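Colleague: Could you walk me through the charged contacts and the surface of this one?
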Amino acid sequence: SQRGLAGRGGRPRSQSPTETLSRRIQADNSGLQATGCSQSLPGSIACSDMFPPPLCPLQDIRNTVGNIPMEWYQDFPHIGYDLDGKRIYKPVRSKDELDKFLEQMENPEYWRTVQDKMTGVDVTLTDEQVALVQRLQRGQFGDVHFNPYEPAVDFFSSEVMLHPVTNRPADKRSFIPSLLEKEKVSKLVHAIKMGWLKPRKPRQDTPTFYDLWAQEDPNSILGRHKMHVPAPKVPLPGHEESYNPPPEYLLSEEEKLAWQQQESSERKLSFLPQRYQCLRTVPAYSRFIHERFERCLDLYLCPRQRKMRVNVDPEDLIPRLPKPRDLQPFPTTQALVYRGHSSLVRCLSVSPSGQWLVTGSDDGTVRFWEVCTARCMRTLPVPGVVKSVAWNPNPSVCLVAVAVEQSVLLVNPCLGDKLLYGATDQLIDAYTAPEEQRLQPVTWEVPAGGERDQGVRLVIKHGKPVKQVVWHGKGDYLASVLADNSNLQVLIHQSSKRWSQNPFRLSQGQVQCVLFHPLRPFFFVATKRHVRVYNLLKQELAKKLLANCKWLSSMAVHPAGTRSPPGPPGGSELLTFPSQEPGHHKKALRSVAFHKHYPLFASGSDDGSVIVCHGMVYNDLLQNPLIVPVKVLKGHALTQDLGVLDVVFHPTQPWLFSAGADGTARLYT
């Protein structure tokens, strides 16, 4: 600093003897501490006596890092730099918690030892420093000799001194008008003339309160006066409150005793009727104040609310359904009865042309009928109960799948066009077995002898009883459902290649029935409570539908493929998407079916009836389908508490076939 002052033309500042002494003591202390000695010089005591404690110049200022957080150096071996730029290393601390505790117990100066954050050295406070800390904690001044209550001396007082504070002459601008102020005032005047600057509006002393109901429409329904609810009126006195009541209103001694023993809330009357000869002998009513108090409580504690009553005609809540005669055609009358089975007819199916009908019964026979004449064309005996039959939907193939016991029979009934069923036999016989046999869950066999003469072309043998068989829309694939709880419940077969496969690795519950989507590569699997939709191309679960019934027994898909009504055996019919449940059957549902062309679907039940409904399905999936029951068809007799077991529509005509437990199949047209 002296060199800088000399360079700028100034002379160096002379140092006082006190400052020279303090600098020498600091240099000596820094030299001692650099050599490893941490003791203070005797000169520090004299200096602390010479200067006040807050301004003591003998602070250890070896560390020149400045006022920074010392946590920045916690990961380094040094703690800063001295005046020469050398590192100040941290003192070695090898004491553990036990050594610290022993030092605390043995060292009498431990309570006044603190650690210097700048150097990391333990410093023992002197008595003066301890006293300084105690004074600061009590809120007192650090200097002992400082008197905070000394009288204040006003530098500027009311007394006029002989000599002024400053003898500086007055400025010229103190007595000459300012040009800057003149220019600013002229600008303000010009802004007022041009209308840019407008004067402030006078404050209007308007009241802060206002009428809350001033803007209210008096004709509104929720008006203040129209919402007034009058207080309930006090009931009028009766004959028992008269001073001379009739004899039948007076209580006997037993009734008085019973009235006194009752609780106040159980009493019919709050007083005892009494008789007086004249009005002058009637005393003052003792419960008058109590009753007035109860009346006041009723007025301000009992809430009163006006409820807007909506007058709705119940007929308006019922949707307007079209008349059944406007929804024709649909089956209305029983036209033919197909008799010949000796036991209940469990299943039936119609050919794609609609000319032939096949039925399966518990008597161990499969019968082929001509639809228009009810004539039995062929009878195929099978070794067991027929659980399911399905005619191939491909019109170029004449093939029927029959589920019997643990086998699925592929039968060529040889009905109709000879070229058609002849081409079917050629298609089956043209199969060539692959060189390498593949492992399959079933066995494909070709019958010979009598079975082939009866029309059986292929036999698919399973390990468990088969309870359902269904064809794909193209007629090459068919699926079978087994009465098993393992993952082999559902199997898919390909008739052209005689190849079977298991599509599922895990069991998803007891499968009731399966169905192929009519248009898309979807596969429906119905369990007791759910319907799972699988994508056959992606081989993944596409959707899971939840039914609001306990047991699903049958399922049918709309020809457009947008709705799926599974039938529960609990006496109601369920549309899963969207959900609508027209409950008309009194007993369990056995089968449901959609018509391929007409907006009709039917359901058969154990009550012996078949309900035909008009079900209009819209392209908008958010709009519920229109379901109108149009006809209840009856004709089957109940046998062993069983009624209609299966229903199916004619492929082209609005006709309905039903199979019953009475051993007959019926046609409704």
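Modeller: We can go through the salt bridges and then a surface patch, keeping in mind that this is a predicted model.

Colleague: How many salt bridges does a search of the whole structure find?
Modeller: The search finds 13 salt bridges, and one of them joins the side chains of Glu103 and Lys95, at 2.8 Å from N to O.

Colleague: Are Glu103 and Lys95 buried or exposed?
Modeller: Glu103 is partly exposed, with a relative accessible area of 25%, and Lys95 is likewise partly exposed, with a value of 48%.

Colleague: What about helix H6, which residues meet in a salt bridge there?
Modeller: The side chains of Lys187 and Glu183 do, at 4.0 Å from N to O, and these residues lie 4 residues apart in helix H6, about one turn of the helix.

Colleague: Why does Lys187 count as exposed?
Modeller: Lys187 counts as exposed because its relative accessibility is 54%, and exposed means over 50%, whereas Glu183, at 42%, is partly exposed.

Colleague: Which pair links distant parts of the chain?
Modeller: Asp429 and Arg452 form a salt bridge of 3.4 Å, N to O, and the pair links helix H10 (residues 418-429) with helix H11 (residues 450-453), the two residues being 23 residues apart. Salt bridges that share partners also join Glu109, Arg112 and Asp127 into one network.

Colleague: Switching to the surface, which residues make the nonpolar patch?
Modeller: Leu188, Ile192, Met194, Trp196 and Leu197 make a nonpolar surface patch of about 550 Å². Of these, Met194 is placed in helix H6, which spans residues 179-194, and Met194 is partly exposed, with a relative accessible area of 47%.

Conventions
Residues numbered from 1 in each chain as written. Predicted model: local features only at pLDDT ≥ 70, side-chain atom pairs only at ≥ 80, totals over all residues. Heavy atoms only, no water. Patch = residues over 30% accessible without salt bridge, like charges linked within 9 Å, V, L, I, M, F, W, Y side chains within 5 Å. Areas by Shrake-Rupley, 256 points an atom, 1.4 Å probe, with all protein chains shown as cover. Buried < 20%, exposed > 50% of the residue type's maximum accessible area, 1.4 Å probe, protein only.
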